[in-house]
Amino acid sequence: MKNIVLITQVGISIISPILLGLWIGSKLNDWLGTKYIFSIIMLILGIAAGFLQAYKLIIKATKDKKSKSNMDENIKKNKRHLYEINFDEEDKKGNANGR
């Protein structure tokens, strides 16, 4: 389910700046009386912004997965370490009580 959400978010983050760039470009063309130059410029900027945002989302998602798996491994190591400490303490108590 998280992958579907990520794919949807990446798609929206690519399409939104492109459409916004085209809209702003067409408004600038109408206002300044040019034919299509601002639409092309804003389209290129929108594509660049969309793909940059998608790249950031993907990097963040993969980094979160890696950090979560590393965190899980660290928790497991710490639990094992705590168990070893507890067993060592019990052995010391057992030896002190004459066991």
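Helices in these legends are DSSP runs of H or I with at least four residues, numbered from the N terminus. The model shown is predicted.

**View 1. Ser39 and its surroundings in helix H2.**
Ser39 lies in helix H2. With a relative accessible area of 16%, Ser39 is classed as buried, because the cut-off for that class is under 20%. Setting aside residues up to four places away in sequence, Ser39 touches Leu22, Gly25, Ser26 and Asn29. Gly25 and Asn29 are themselves among the buried residues of H1.

**View 2. The largest nonpolar core of the model.**
Five residues make up this core: Val10, Ile14, Ile18, Ala54 and Leu57. Two elements, helix H1 (2–32) and helix H2 (37–96), each contribute two or more residues to the core. The greatest contribution is that of H1, with 3 residues.

**View 3. Contacts of the core residue Ile18.**
Ile18 belongs to the largest nonpolar core and is listed with the buried residues of H1. When neighbours within four places in sequence are left aside, Ile18 is in contact with Leu43, Gly46 and Ile47.

**View 4. Helix H1 along its length and at its end.**
H1 comprises 31 residues, which at 1.5 Å a residue should span 45 Å. The C-alpha atoms at the two ends of H1 are 45 Å apart, so the expected and modelled spans agree. The buried residues of H1 are Val10, Ser13, Ile14, Ile18, Gly21, Gly25 and Asn29. After H1 comes Gly33, which has a positive phi near 80°.

**View 5. Ala48 of helix H2 and Ile14.**
Ala48 is located in helix H2. A separation of 34 residues in sequence lies between Ala48 and Ile14, whereas their C-alpha atoms are 8.9 Å apart in space. Ala48 has a relative accessible area of 45% and is therefore partly exposed, since this class runs between 20% and 50%. Ile14, by contrast, is one of the buried residues of H1.

**View 6. A nonpolar patch on the surface, formed by Met1, Ile4 and Val5.**
Together, Met1, Ile4 and Val5 present about 360 Å² of accessible area. Val5, a member of this patch, is part of helix H1. Its relative accessibility is 46%, so Val5 counts as partly exposed.

Notes: Residues are numbered from 1 along each chain as its sequence is written. This is a predicted model: local features need pLDDT of at least 70, side-chain atom pairs count only at pLDDT 80 or more; totals for chains, interfaces and linings use all residues. Side-chain values use heavy atoms; hydrogens and water are left out. A nonpolar core is a set of buried Ala, Val, Leu, Ile, Met, Phe, Trp, Tyr and Cys residues joined through side-chain atoms within 4.5 Å. Buried means under 20% relative accessible area, exposed over 50%, partly exposed in between (1.4 Å probe, protein chains only). Contact means heavy atoms within 4.5 Å. Patches are made of residues with over 30% relative accessible area and no salt bridge: like charges are joined within 9 Å, nonpolar side chains (Val, Leu, Ile, Met, Phe, Trp, Tyr) within 5 Å. Accessible areas come from the Shrake-Rupley method with a 1.4 Å probe; for residues, only the protein chains shown count as cover. A salt bridge is a side-chain nitrogen of Lys or Arg within 4 Å of a carboxyl oxygen of Asp or Glu. The expected span of a helix is 1.5 Å times one less than its number of residues.
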